[in-house]
Amino acid sequence: MTKKIKRRSFLKYAAAGASAAALTHYLSPLLTAKQSEDSPYVNRSTGKKVEGIASTCAGCRAGCGIVGYVQDGQLMKISGNPAHPVNNGTLCLVGQAGLYTAYDPERTLKPLVRVGKRGQGQWKEVSWDEAAAEVAGKLKALQKRGIVLETRGGFTEPVSREFLSKMGGGTLVSHDYVTSPGRKAALMGTFGVAYDVPDIPNTKYILNFGANPYESGPFGVGTIAAMSSARAKDSSVKLVTFDPRLSATAGRSDEWFPLMPGTDAVVALAMANVIMKEGLHDQSYIDRNTNTNTSQLRAHLAAYTPALAERISGVKAEDIKRIAVEYARAERGVILTGGGVSKHSHGTSNERAVRLLSVVTGKLDRTGCNLTPKGLDSGSAGGADDVAPEKFYHDLKEKKQKVGAYIVHGCDPVYSSPEPEEIKKILADEAAVPFIVCMDTHVSDTGLYADVVLPLTTYLEEHGLEKAPGASGSPVVCYRQPVLPAQGDSVPYVDALKAVSAKAGHSLGFDDSEDYVGSLAAKVEGLSGEGGIDRLAKNGFYAPSRYAGNQKRTGRVEVAWKEGPRLPSFEQPGEYDNIREGEFVMVKYSPGAYREGVTENNLLLKEISHTNTAFINTEAGKTMGLKSMDKVNLVSPLGKLEVEIVLTPGMQPRTIAIAAGCGHEGYGNIERAKCFKSEDPFTEFIWWKNQGSGVNPNRITPFNLDKASGGQGWMLTKITVEKA
Ligand code: SF4
């Protein structure tokens with residue numbers, strides 16, 4: 001741990017009088033866990049010392065601590081930080097494979113200016129000075145037609161807002177990869193926080209509606225470790241999953257119920273009804289802590305009988321009753337929700353309904369239950385001009401959104417929007433969108449339509465500061481610092497904004513991205529007196545307390561809303577009203593090796609997950625005369641996708657599942673399963689080249705927005721299946 005720590009930024013912003021030099025009272029857990037100055041890591045072949053640098057993964061927003069092992073300036077390996085309270089040394093495959101993105105031979109390492117038509121991918125390399133001047137000039141000229149900045153949320157959100165403001169104002173389209181718009185709207189409206197934390201290490205019962213923590217977000221690898229360890233230590237800790245697909249989590253559950261997509265809400269409301277009828281609810285919690293009362297809730301829930309829920313969802317009424325009673329009787333219980341609940345046209349409503357189970361049983365903000373701590377938000381979208389990404393794409397398509405200059409950072413709307421072919425047509429039209437800038441590590445599908453591409457560093461080459469929940473909901477401050485030098489002419493996003501802003505004659509108020517992150521760290525309560533930035537740089541995190549009282553959510557639980565259904569309700573998706581024999585609901589899922597905007601073109605991860613077959617229930621497939629690996633077309637009103645199909649008992653009979661993350665047109669040869677020569681000899685041996693790179697399921701997904709949040713109903717595209 002000999003890395004020289006730059007402290008000027010932190011000290012400049014830290015409160016006067018804070019003792020940033022009081023370093024002796026903490027010892028790096030990293031050092032005590034594995035490595036010490038006297039006994040460093042060495043390379044077993046060369047005997048050379050290998051330096052370990054603590055940092056934070058950004059494969060997703062879980063905030064896992066990593067250690068980058070560096071020898072002679074080369075990153076050799078990424079491991080989990082054993083002392084980190086978020087992941088306790090564990091890392092998922094995406095975290096471990098980050099090195100392949102950083103050293104990807106197809107990264108964009110110079111600023112590019114378009115020379116061909118939009119979409120053709122023809123460029124000339126220019127200097128940063130020229131590129132920043134070109135972007136600044138265009139933003140000034142097009143300001144009146146509207147500037148849109150589409151970006152990732154998190155620690156860069158304040159500087160994104162400041163940049164827009166300095167450029168004369170604009171619209172921020174912010175992706176929150178921790179959660180979906182519907183989930184966030186429901187949690188904000190009900191509990192006043194954007195994220196909750198299931199206290200899995202201390203729970204007795206895990207009731208999972210449509211989440212798949214063993215494979216994908218919104219939970220990180222720490223959740224998997226906590227779940228496995230809780231169940232290994234105590235075999236009575238039960239995991240029950242409702243999901244149309246036998247996901248990695250459903251497969252590890254004690255019980256799996258394959259319900260019809262989008263019907264979780266009616267199952268949950270029937271369970272709440274049973275709990276109240278059986279007298280297993282927590283009357284004093286409801287009457288004291290919520291804005292409704294027991295008698296109102298009882299009357300409202302009476303219509304949601306288990307028999308009704310069985311008719312709609314396919315889950316047997318007796319199972320609904322039994323699971324409801326088990327969950328209510330468990331001394332401690334958590335609810336998990338995933339995209340299966342909220343990525344629907346009534347996603348906000350669905351999420352409210354499922355969350356009611358924690359409320360009626362009083363399983364909130366106590367050990368082993370769902371915790372709603374303050375202090376986990378890190379500036380996600382919510383300003384006056386903010387808009388959810390899918391609502392923005394929809395309004396762009398409908399010509400309701402004015403865009404003079406469109407800046408896209410680390411996102412890929414040409415791939416990830418519903419109806420992407422329509423988005424492509426709009427972005428190809430210079431009259432509709434006069435100027436497009438992409439800031440990314442690669443030329444993405446959207447990058448192919450850019451006028452200027454600005455090359456960004458990966459998270460392994462930059463500074464950052466995130467907040468994430470540690471054990472029992474305690475907020476952990478997670479520090480990111482470079483574990484390898486910036487490759488080529490790539491720069492961190494924050495520095496790219498600064499360069500453009502400077503060319504437009506504005507200062508963003510910091511020297512560089514390290515300085516910006518130092519200013520954020522200086523605002524972390526208590527950090528100055530506990531080692532300041534040096535502590536962050538040495539350990540990679542700062543965990544001030546275990547769910548301290550002052551971090552607890554305050555105020556009532558807002559069960560009753562003024563807008564939308566007053567009390568949590570089930571709203572039947574319109575698509576189901578006329579679903580006919582032979583029609584299916586297509587749901588997308590995220591494989592473990594895929595994280596949108598992060599894993600594309602990663603050689604190691606593409607080897608694991610490169611194409612997407614579709615899955616159908618065995619009996620449903622046989623009825624149609626299909627067998628596994630037959631080629632079929634998935635058909636929606638927008639077109640068809642040819643895929644191989646697999647018959648499995650692990651699917652709800654009216655549902656087709658397909659993986660997201662395949663079928664890109666941008667990035668590089670690796671993403672498109674093509675062999676090529678590079679400094680990495682393995683790029684000549686892409687053994688899956690004959691299997692292709694799969695299809696983009698969004699191409700047949702029509703817009704279907706949740707009015708309450710603007711999020712897309714991804715999980716209910718109605719399709720037919722025909723032999724190809
Ligand atoms: S869970 Fe997310 S943050 Fe943790 S290692 Fe995996 S990708 Fe990285």
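The legends below describe close-up views of a predicted model. Local features need pLDDT of at least 70 and side-chain atom pairs count only at pLDDT 80 or more, while totals for chains, interfaces and linings use all residues. Residues are numbered from 1 along each chain as its sequence is written.

**View 1. Helix H6 (residues 157-166) and its contact with helix H20 (493-503).** Helices (H or I, at least four residues) and strands (E, at least two) are DSSP runs, numbered from the N terminus. The axes of H6 and H20 come within 11 Å and cross at roughly 10 degrees. Because of that angle, H6 is roughly parallel to H20. Axes are lines fitted to C-alpha atoms, for helices over the stretch in contact, and angles run from 0 to 180 degrees between N-to-C directions. Angles under 35 degrees count as roughly parallel, over 145 as roughly antiparallel, 65 to 115 as roughly perpendicular and the rest as oblique. H6 contributes Val159, Phe163 and Lys166 to the contact, and H20 contributes Val494, Leu497 and Ser501. Two residues are in contact if their C-beta atoms, placed from the backbone, lie within 7 Å. By class, the residues of this contact are four nonpolar, one polar and one charged. Here Ala, Val, Leu, Ile, Met, Phe, Trp, Tyr, Cys and Pro count as nonpolar, Asp, Glu, Lys and Arg as charged, and the others, Gly among them, as polar.

**View 2. Burial of H6 and the loop before it.** Glu157, Val159, Ser160, Arg161, Phe163 and Leu164 are the buried residues of H6. A residue is buried if 20 or more other C-beta atoms lie within 10 Å of its own, exposed if 12 or fewer, and partly exposed in between, with C-beta atoms placed from the backbone. The cover over these residues includes strand E7 (147-152), strand E8 (171-175), H20 and helix H21 (513-521). Gly154 sits in the loop between E7 and H6; it counts as buried because it has 23 C-beta neighbours inside 10 Å. After H6 comes Gly168, with a positive phi near 100 degrees.

**View 3. Helix H7 (residues 181-191) and its surroundings.** Nine of the eleven residues of H7 are buried, so the helix is largely enclosed by the rest of the structure. The buried residues are Pro181, Gly182, Arg183, Lys184, Ala185, Ala186, Leu187, Thr190 and Phe191. They pack against strand E13 (333-337), helix H15 (339-342) and helix H16 (347-360). Just after H7, Gly192 has a positive phi of about 80 degrees.

**View 4. The crossing of helix H17 (residues 389-397) and helix H19 (residues 420-428).** The two axes come within 10 Å and cross at roughly 60 degrees. H17 is therefore oblique to H19. Their crossing is left-handed: the near helix is turned anticlockwise from the far one by less than a right angle, whereas a right-handed crossing is clockwise. On the H17 side, Tyr393, Leu396 and Lys397 meet Glu422, Ile423 and Ile426 of H19. The residues of this contact divide into four nonpolar, no polar and two charged.

**View 5. The closed barrel of six strands.** The strand order is E21-E25-E22-E24-E23-E26, with mixed pairing. From one strand to the next the twist averages 45 degrees. Two strands pair if DSSP finds at least two bridges between them. Strand E21 (residues 583-589) pairs in the parallel sense with strand E25 (residues 655-659) over five bridges, and Met586 stands opposite Ile656 in E25. E21 is joined to strand E26 (residues 717-723) by four bridges in the antiparallel sense, with Lys718 in E26 as the bridge partner of Val585. Four bridges also join strand E23 (residues 630-636) to E26, and these strands run antiparallel. In E26, Glu722 is the bridge partner of Asn633.

**View 6. The open sheet of three strands.** The order is E18-E19-E20, with antiparallel pairing. Strand E18 (464-469) and strand E20 (541-542) are the edge strands, each pairing on one side only. Six bridges join E18 to strand E19 (residues 475-480), and Ala468 stands opposite Val476 in E19.

**View 7. Two loop residues with positive phi, Asp72 and Lys399.** Most residues other than glycine have a negative phi. Asp72, in the loop between strand E3 (65-71) and strand E4 (74-80), has a positive phi of about 50 degrees. Asp72 counts as exposed because it has 11 C-beta neighbours inside 10 Å. Lys399, in the loop between H17 and strand E15 (405-409), has a positive phi of about 60 degrees. With 9 C-beta neighbours inside 10 Å, Lys399 counts as exposed.
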